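Hi,

Here is the structure I promised to pass on. Have a look at it first, and my notes follow underneath.

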Amino acid sequence: MILIYFISALLISVAIVVLRKRGIVRVLASLFILLQVLLTVYAFSHRGETDLKYFTYDHLGVLFLLLLTAVGTLSVYHGFIYFRYREAGRFCYYHAALVGLIASISGAYLANDVTVVWILVEATTLTASVLIYHEKTRTALEATWKYLFLCSTGIAFAYMGILFLSLSLKGSDLHGLSFGTLATLASSANPLYLKIAFIFVFIGYSTKMELFPMHTVGIDANSVAPSPIGALFSSALVNLGFLSIFRMYKALSGSPIYEWMNHILILSGLLSILVAGGYMLKAKYPKRMLAYSSLEMMGLVAIGIGIGGVGPYAALLLVVVHTLVKSSLFFQMGQVNRVLKTLKLDESGRYMNLNPAGALVLLLGMSAILAVPPSGLFVGEYLIFKQMVASQQWLILALVMILLCCVIYGMATRVLHLLFSGPYVQRDEWIPGRVRWTENIGQMIFLALAFLICFYQPPFLVELIRGGIAGIGG
Amino acid sequence: MLNLFITLFAITLFYFSISERFRTYSVLIAVQGILLFGLAFLELKQVNIANFIFIAAETLVFKTFIVPVLLYRIISRTGVYKVHTRAFPSFYILIFTMVGLLVSIILSNVLHAPNVDSVYLAIALFTLFTGVILIVTHKRIFSHMVGFLVIENAVFMFSLAVGSEMPILINVAILLDIFVSVLIIGVMINRVGEHYSDLESENLTRLKH
Amino acid sequence: MISQFFFIFIAALLVFFIPSRWKGAYTALILTSGILITSIPAIRILATAGALVPAGEWLFSGALPAISIDRLAGFFILIINLTSLTSIFYALGYLRPYSPRINPMRFSIHYFSYFWLWASMILLTVIRDGYAFLVVWEFMTLSSFLLVVFEGDERKTLKTGINYLIQMHIGLLFLMVGFLITGDQAGRTGFDSLSVYFGNHDNLPVFILFFIGFGIKAGFIPIHTWLPQAHPAAPSHVSGLMSGVMIKMGIFGILRVLSAVQSDLLTIGLIILGISLVSGVIGVMMAIVQHDLKRLLAYHSIENIGIIGIGIGLGVIGLAVGNPVMQVLGFTGGLLHVLNHSLFKSVLFFSAGSVYTSTHTRNIESFGGLIKRMPYTAILFLIGSLAICGLPPFNGFISEYLIFSGLFKSLAGLNLYMSIVILSGIIGLALIGGLALFCFTKAFGMVFLGEPRSEAAAKAHEVRPVMLIPQLLSVAAILLIGLAPVLFVRPVMGIAGEVFNFQVPEEISSPVLSNLGSISIIAGIFIALAAGLWVIRKAVTRNRQITMGPTWGCGFTAGDERQQYTASSFADNFAMLANPLLRIKKESDGIEETELFPRQRKFKTHSVDVIKRYLYDIPSDWFLSVLKKIAVMQTGQIQHYILYAFVFMILVFVLTFFNLI
Amino acid sequence: MIQIGLILLAALFFPGIILRTKSIVSGRRGPGILQPLKDIGVLFRKGSVISQTTSWIFQAAPVIGLAAIMTSLLVIPFANFKALLPFEADFVFFAYLMAIGKFFMIIGALDTGSSFEGMGANREALFSMLVEPAFLILMGTFAMLTGYTSFSAIFSAFHMDGNPYAFIYGLISFYLLVQIAMIENSRMPVDDPKTHLELTMIHEVMILDYSGFDKALIHLATYVKFAVYGSLICSSLVPAGWNTALQAGLFFIIQMVFAIIIGLAESFRGRNKMFRNSQFILTLSAIALLAFVVVLILTQKLIN
């Protein structure tokens, strides 16, 4: 199936570039979504099976594939709307790259081999760059350049990590670096090398996960790319970074460096939240603000994993809900842009009057992303705090709580001003754009799901997450 | 022989830190390509022939020829020749590089393991450090790019250390090299060059808050 | 109860699709039915002497959290329902002028939040599971936050709302930690595991966590700072509901936790009593110097929370020293004051809202003479004022009397230290009473009496009956409690006994009830006397010559409304005394010697909430500015970004090398 | 019932005695003892001038003020006659009844919109706020000493003989009650009813606009209030066990002495400066606290 998927995705992508007609591109993109759904269904129903030697439909992969498919579908839909208001010049490149991006992310989710993951992650960098550059402005160019450069450097770092990994395993009979073999061999490997390998991989993939220390370019990319793409970046791509690190973490967790990795994750998570809190208080663009909130959330996820106990479960739950909420917020930002004709916070205001349905999404989304109940993120936060209390990590608990409050303050201030009060800076005459309320339905569904998780976690979700975290710590 | 190549490689790295002109950079990249070929030739004796040709093509054709030529094109196209705006004077860069060397030697000693060649490890780490130092201490994006290429070389060199058992790792590293270098250099030539004639990375600092 | 609740919730969602004109009425309808549904079990539980009634099941994250109505819950449900009912009907009138300005979506959000505020408060009273409690607790915060920012077009309102949200979130975090610490081995948390935990751990630290968490909501000083800001910013029906009921959920929580506490009772009681005294006295002192009518009322909420706290603190000390008189009278007084405050404070906020509706200002200095223009509102406000001052024959007196008598009666039997504590309680309560009187003579006098001080006040007119009638309901309750306290005190005593697990001895309860009987009689006599005198006065003066004339100006005949005493001048002599605590700033420019004909001048006074300034504003500003400095990291320069990664790596190596991680 | 009659009877003569004392001290013959009553009679018959600014509050205030005072008689005991309706902590009720009268007098004054009356109202509000703790601390000490919490029970159990500390306590409480009565009735040294400058008045300036029937009610209320406090003082001085007739005699003597003291004080003392008043009233609370300490000693809580 995965082979058919890759080939078809490639064909569709090429066809889009070749055929160029708007209508045909739409049909092809929709076709791709259908393909994506098929893959997801297939993967879900063939859980545990290995395909093409390097791909396994394991719990984690299926879980993230589900999310990707959901976000991707909506992203394509919003892409159509995005282009309705723009000249169609780059319509085909956009969609070709989008198809490529989604396909490579899907592949990376399912890959069971360190190197294959690595290759596909690099592929996402390349396709993503095209999408970031889409608007062809100077800032877009700047973001693209930085993204490309830093991600490539990061990927080189990650590769160093992989090489260290293989160095540490050198001598044992080893063919390929699948996560499974890693897990079995890690306990006997040289811990020092494992540590170096992990830190390199961690830093390398932190570009994708938007986690400290390489969070910087992801934020630029998120804020510059078109909103539907921003949504995909901040959810699916961030998840990819997370998954890559998490798979490595899980594979190495049987080894003596387990505790050490936990500490690294907590350290990085704390720094992430700290940085995010600082930025949140200064953010001038709503999209950047959302990107910082991803940084904060990923920091929390890292802490969750590092704290152990129920932490990993909570972290995965956070990732799942974050995907839903953050993507819908990014989609909404597209509407904000269209209605207010600006993306500066101090020029925007009174969104509630101009686009009530969208404003509702923004309001609900904000309360969801800030992890105040009844957001599904609250469950995750609650469990993480619970674990901190259980393991008596008072200092971390206090720090995280204080910083989260700052984040809430920064974000709530901005979003609420956008929603209710008038702009700080007066602009020249402008006519507010119009948005059909039906565009919000997808976002509403996402948010409803995110809220639902606070009260009720569907059994299949619980099963996928539990399956995903099974085996941590050996 | 191996040690000679490695020493030469280290010297090119020092040269990076003191050179004043971009053209020197591209020449150094080419030299490193040749040295890497030499290393690969000496190191990978038991690899099958197809793989070896692949490696040879990557090092000799791509690294020593295509990349420096592309760099030259950029230099001539943008008309920027000197490395003069740096965040630090080259004196300090040299000091950093020396510290990098010492640290890598110490590290390789710390990391000493029976199945790993310490010299190899040391020089690979040193290359990595130099690449990072090149990026961190320079403001012009051309230098950043060169720094990145140096990091790539570090990765490649490293992959040689394990490659004899897992050739796929080397091949993947080569793929990274080719795709990313070409892409980055391509973006540099076609897009960034169009917009920013002087290639100052200071121009690329708008995305802040 | 729970299944009907779900239907109501679904029905409430429909408010988004109702035509704009009918949204309010629709919500009122839904809410009324909800109130009926929830009141029935509440009344039943209060009527029967039974303990816990399992009230059905609740869908919640797989496991079903314990839900039960006990009498405390029943009591609070009734309080919530009464004020919610009056408030929603008042809102129908209050919100009407807004409808052209504010779009339907905001109305929908408002009404939906209103519904949720009510629903979450009801749920809070019956939930025993910790996680569910926290979720619903934050529901309450969010919905009330949305209600507060109804007029979010004004930046100030919005800022206030956000401030409220953050502080409440901090409170939530405290509660969360509290619940998490007390969770049992199986990970279950909640009020049931609380008593288990308290059985074999130190009680004080966890209690303090809970006290801070709940106390922020309740508005105890020094964690009160959201309250005086949020109440004025909110629409009046919301202020009434928030001040009347929502902040009591904090008290509710404290009571729930207290009922589980098993040791350290004396310390806890002293803490509660001390903080309550400070809250009461400082709250009312701050109230006196306010210029904003609703902010004045908001500070009075702090004062009244203080009074409630004094009652509870007295009760807890009673538990600690084993003095049943203190237990019974303290808890009963505190609990009854919860009810009383919800009644008179909602009336006061509603009347203040009526005044705002017809004058569009909340500045006390610009009112005056409204009693002639808004006679019914004036009477309602007067009754509210008398009640809040604790004057007989109104309800405020009953609860204050209970607390007072608890203090006085326990004074004889206690040791030295306890006597001093109780005496300070007496002094505090006496001061609070006097200060409240000062404050409300000012408020009522300046708003409703004299001549109008501004154009707006001169043009004021009475509000529509839909805004007055709901208040009548509360006033009726106020009078009923004031005149027939026995009816209410007896059940409340039972509730207190149930919560804190003591039997109310006959020899304590019967004198209290007979005292209250005497009070009703005397109050009746008082009213009869006053009425009689009034009739006599009417009869006598009917034949006398009554001349109307201008107010005596001591010979000065050209007086006008600007020469009236203002609220600031009324408060001035007090402000002088309290200046070290209140930091009142006066701004004016003096008259120069050569200035023969002084030009027009402005005179401004404003007070600073010292606690807020030094305890919150300055440290948090400092902290935020430090945090902002971190944001410099995003320099936009690639070399720095790589550097971060490099530095992080080095940091990790160093830490690893020294075995720090 | 008997005590109400006695108090009302005392109230009739009280103002006259004060007036007479002051006249005699200042070397005049002065009016008859019943002159204030006659004045009230005159006022009752007169018509009145009412400010246009005022509302019903203005007219209701004197009525409620008087009603409050009269109601308070129900809890005042005399000798071993209990009060008509005694109950526990009835002094709290008493204090709040006084307060409701004050509340209405204050807003009645504000109702006129006059700056002078506003000033008086403001002072009245501040001083009565400050005096409240003193009164309640004092009652607290009584409660602590006797173990009872109603006027009737306290005064029937209280006697100041025996222990020297009890005597001290009796003196302090006597002093406090006198001072509180002075303040509550707007007399020296806090207020001077005979002053002629509105700026320096408290009570008088509040009722500036009242005339005719209403003013009569206000005066009446003042007189009764005096007598009420007088009887409290009397109860605190005279042990309840004594002969009733003797008690009645003492009652009148004490009331008369009280009135004469007031008269003398007003003749020989100047009024406090206005801003000193709050300090002066606070001093009463301090003294009350002293009484508390004495009671702590008496009840053997402090020593041993």
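Chain C is the place to start: its domain assignment gives domain 1 (1-260), domain 2 (264-504 + 566-581) and domain 3 (628-661). Keep in mind that this is a predicted model. If you take the C-alpha centres of domain 1 and domain 3 of chain C, they come out 44 Å apart.

Next, a pair of strands in chain C. Strand S4 of chain C (residues 584-588) runs antiparallel to strand S5 of chain C (residues 603-607), and five bridges join them. One of the residues to click on is Glu587(C), whose bridge partner in S5(C) is Lys604(C). As for burial, S4(C) lies largely in the open, because the number of buried residues among its five is zero.

Then there is the contact between chains C and B. On the chain C side nine residues take part, and they are in contact with 13 residues of chain B. The chain C residues on that side divide into four nonpolar and five polar, with no charged ones.

Last, helix H1 of chain D (residues 2-25). How far should its 24 residues span at 1.5 Å a residue? The expected figure is 34 Å, and the end C-alpha atoms are 34 Å apart, so the two agree. There is still a bend in H1(D), of about 30° at Phe13(D), and a proline, Pro15(D), follows within four residues. Just after H1(D) comes Gly27(D), with a positive phi of about 85°.

Over to you, and shout if anything is unclear.

Cheers

Key
Residues are numbered from 1 along each chain as its sequence is written. Chains are lettered from A and ligands numbered from 1 in the order in which they are written. This is a predicted model: local features need pLDDT of at least 70, side-chain atom pairs count only at pLDDT 80 or more; totals for chains, interfaces and linings use all residues. Domain bounds come from an automatic or database domain assignment. A residue is buried if 20 or more other C-beta atoms lie within 10 Å of its own, exposed if 12 or fewer, and partly exposed in between; C-beta atoms are placed from the backbone. Helices (H or I, at least four residues) and strands (E, at least two) are DSSP runs, numbered from the N terminus. Two strands pair if DSSP finds at least two bridges between them. Two residues are in contact if their C-beta atoms, placed from the backbone, lie within 7 Å. Ala, Val, Leu, Ile, Met, Phe, Trp, Tyr, Cys and Pro count as nonpolar, Asp, Glu, Lys and Arg as charged, and the others, Gly among them, as polar. The expected span of a helix is 1.5 Å times one less than its number of residues. The bend at a residue is the angle between axes fitted to the seven residues ending there and the seven starting there.
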